[in-house]
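Here is a short set of exercises to work through with a structure viewer open. Try each task yourself before you read its solution.

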There are 2 protein chains.
Amino acid sequence: MVEHSELPRDVRLLHSFFRIHRNLARLARRTAVKNGLSFPQFVVLMMIAPRKKMTQKMIGERTFIPKSTLSQAVDGLVKAGYLLRRPVEGNRRESELALSKEGEAFFGELLRQEGSVASFFAKACQALSDRQYRLLLEAHQVIAEALEQEQGDKSRC
Amino acid sequence: MVEHSELPRDVRLLHSFFRIHRNLARLARRTAVKNGLSFPQFVVLMMIAPRKKMTQKMIGERTFIPKSTLSQAVDGLVKAGYLLRRPVEGNRRESELALSKEGEAFFGELLRQEGSVASFFAKACQALSDRQYRLLLEAHQVIAEALEQEQGDKSRC
DNA sequence: GAATCATTGTTCATTTTCGAACCGTTTTAT
DNA sequence: ATAAAACGGTTCGAAAATGAACAATGATTC
């Protein structure tokens with residue numbers, strides 16, 4: 001194992017997230033494929049599920065999925081009957097996407113499957129104390145905001 | 001904005017990581033492409049940089065990059081002169097990969113560029129207190145271990 | 001109100017990634 | 001010692017993801 005403590009703080013933070021990142025990607029992809037979804041499709045459902053409806057534009061802004069990819073992913077989900085697509089009222093340019101009954105059932109079931117990403121996070125969750133959990137979410141919030149700003153920072157920390 | 005606090009703890013944790021995940025993927029990909037690397041190639045360098053040398057097998061185990069993808073990524077890096085490849089001593093099956101002088105310089109420079117993933121994490125880093133930073137790494141360690149075990153958990157938390 | 005510009009989403013050609021079959025090497029079993 | 005199985009890595013065809021050009025709509029300016 002590499003001696004991470006020798007690395008600068010920022011690089012170490014990057015590595016820490018990278019490790020989770022790779023695991024998340026691996027587990028999410030596995031869950032998606034097992035259920036006949038592409039990875040972007042999984043991301044779209046993940047994003048829309050708690051809100052029930054969103055515009056395609058909004059999904060693009062939040063997920064950073066390139067719009068050509070997004071367009072195709074959404075198209076597949078609509079054809080599969082998991083999403084309902086219609087133009088936004090009073091704006092024929094944007095599309096509004098809503099989770100269908102079938103989509104809701106499908107995705108709920110998918111997350112509940114043994115071996116799904118969610119099941120692993122359930123386990124991870126149990127390994128954290130309440131306090132750890134709360135502080136983790138707070139820290140993530142701060143970090144996400146930093147990553148979503150326009151410019152990075154050259155100075156080390 | 002969705003009312004995340006209504007979601008179960010595990011799903012909320014998943015969403016929290018997902019947000020960082022998408023940002024990390026976006027920024028890392030941007031940094032990679034800007035420097036003529038594919039995403040897996042970036043991951044390989046990221047992994048090998050602090051250790052200087054690793055076997056290809058080891059990289060595969062830690063990154064979860066499919067071996068066909070990994071093989072091609074490594075091949076490109078070798079051809080570009082960033083990695084040195086030779087069979088492991090006493091085992092003609094595995095290959096040992098080492099960062100070349102050029103590779104080290106290249107990757108170091110890449111991380112230092114304005115707008116690189118690392119620069120964004122430097123900024124994020126500054127937004128955290130020492131205590132937050134320490135607790136974050138601890139929590140990540142616990143979570144990564146849970147994700148890397150064989151089986152997930154069906155029960156909620 | 002016509003012309004120009006910006007925005008949202010789609011299409012399509014290209015590039016990237018992946019899984020399956022495969023090859024050579026090492027290990028295990030008999 | 002030989003056969004069989006396991007392993008690490010590569011190759012190659014198929015599938016997925018991407019960027020660039022485009023079409024349709026909406027906003028802005030003169």
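Which helix of chain B gives the most to the surface near DNA strand D, and with how many residues? Helix 4 of chain B does, with four residues. Near means that a heavy atom of the residue lies within 4 Å of the strand, and helices (H or I, at least four residues) and strands (E, at least two) are DSSP runs numbered from the N terminus.

Before you go on, please note that this is a predicted model, where local features need pLDDT of at least 70, side-chain atom pairs count only at pLDDT 80 or more, and totals for chains, interfaces and linings use all residues. Residues are numbered from 1 along each chain as its sequence is written, chains are lettered from A and ligands numbered from 1 in the order in which they are written, and side-chain values use heavy atoms, with hydrogens and water left out.

**Exercise 1. Describe the protein surface around DNA strand D.**

Step 1: Select the surroundings. There are 20 residues around DNA strand D, and A:Pro40, A:Arg92, B:Lys57, B:Ser71 and B:Arg93 come nearest.

Step 2: Assign them to elements. Chain A supplies at least two residues from each of helix 2 (39–48), helix 4 and strand 3, and chain B does so from each of helix 3 (56–63), helix 4 and strand 3.

Step 3: Sort by class. Nonpolar covers Ala, Val, Leu, Ile, Met, Phe, Trp, Tyr, Cys and Pro, charged covers Asp, Glu, Lys and Arg, and polar the others, Gly among them. This gives three nonpolar, ten polar and seven charged residues.

Step 4: Look at the DNA side. Sugar or phosphate holds 58% of the strand D atoms within 4 Å of the protein, and bases hold the rest.

Step 5: Find polar contacts, which are pairs of N or O atoms within 3.5 Å (within protein, one must be able to donate a hydrogen and the other to accept it, and residues adjacent in sequence count only if both atoms are side-chain atoms). Two of them reach bases: the side chain of A:Ser68 has an N or O atom 2.8 Å from a base nitrogen, and a polar side-chain atom of B:Lys67 is 2.7 Å from a base oxygen. On the backbone, a polar side-chain atom of B:Gln56 lies 3.0 Å from a phosphate oxygen.

**Exercise 2. Repeat the analysis for DNA strand C.**

Step 1: Select again. DNA strand C has 22 residues around it, of which A:Lys57, A:Lys67, A:Ser71, A:Arg93 and B:Arg92 come nearest. Of the strand C atoms within 4 Å of the protein, 57% are sugar and phosphate.

Step 2: Find the leading element. Helix 4 of chain A gives the most to this surface, with four residues.

Step 3: Count classes. Three residues are nonpolar, ten polar and nine charged.

Step 4: List phosphate contacts. Among them, a polar side-chain atom of A:Gln56 lies 3.1 Å from a phosphate oxygen, the side chain of A:Arg85 places an N or O atom 3.2 Å from one, and for B:Thr69 the distance is 3.1 Å.

**Exercise 3. Work out the strand pairing.**

Step 1: Apply the rule. Two strands pair if DSSP finds at least two bridges between them.

Step 2: Take chain B. Its open sheet of three strands has the order 1-3-2 with antiparallel pairing. Strand 1 (53–55) and strand 2 (83–88) are the edge strands, each pairing on one side only. Three bridges join strand 1 to strand 3, and B:Lys53 stands opposite B:Ala98.

Step 3: Take chain A. Strand 2 (residues 83–88) and strand 3 pair in the antiparallel sense over six bridges, with A:Ser95 as the bridge partner of A:Pro87. These two strands form a hairpin with two residues between them, and A:Gly90 in the turn has a positive phi of about 75°.

**Exercise 4. Identify which elements supply the lining of the largest cavity.**

Step 1: Set up the search. On a 1 Å grid over the protein atoms alone, a cavity is a set of points where a 1.4 Å probe fits but cannot get out, and lining residues have an atom within 4 Å of a point.

Step 2: Read off the lining. The residues include A:Leu135, A:Leu136, B:Leu135 and B:Leu136.

Step 3: Assign them. Helix 7 (130–148) of chain A and helix 7 (130–148) of chain B each supply at least two residues.

Step 4: Classify. The lining divides into six nonpolar, two polar and two charged residues.

How values were computed:
On a 1 Å grid over the protein atoms alone, a cavity is a set of points where a 1.4 Å probe fits but cannot get out, and a pocket is an open set with protein on both sides within 12 Å along at least five of seven lines; lining residues have an atom within 4 Å of a point.
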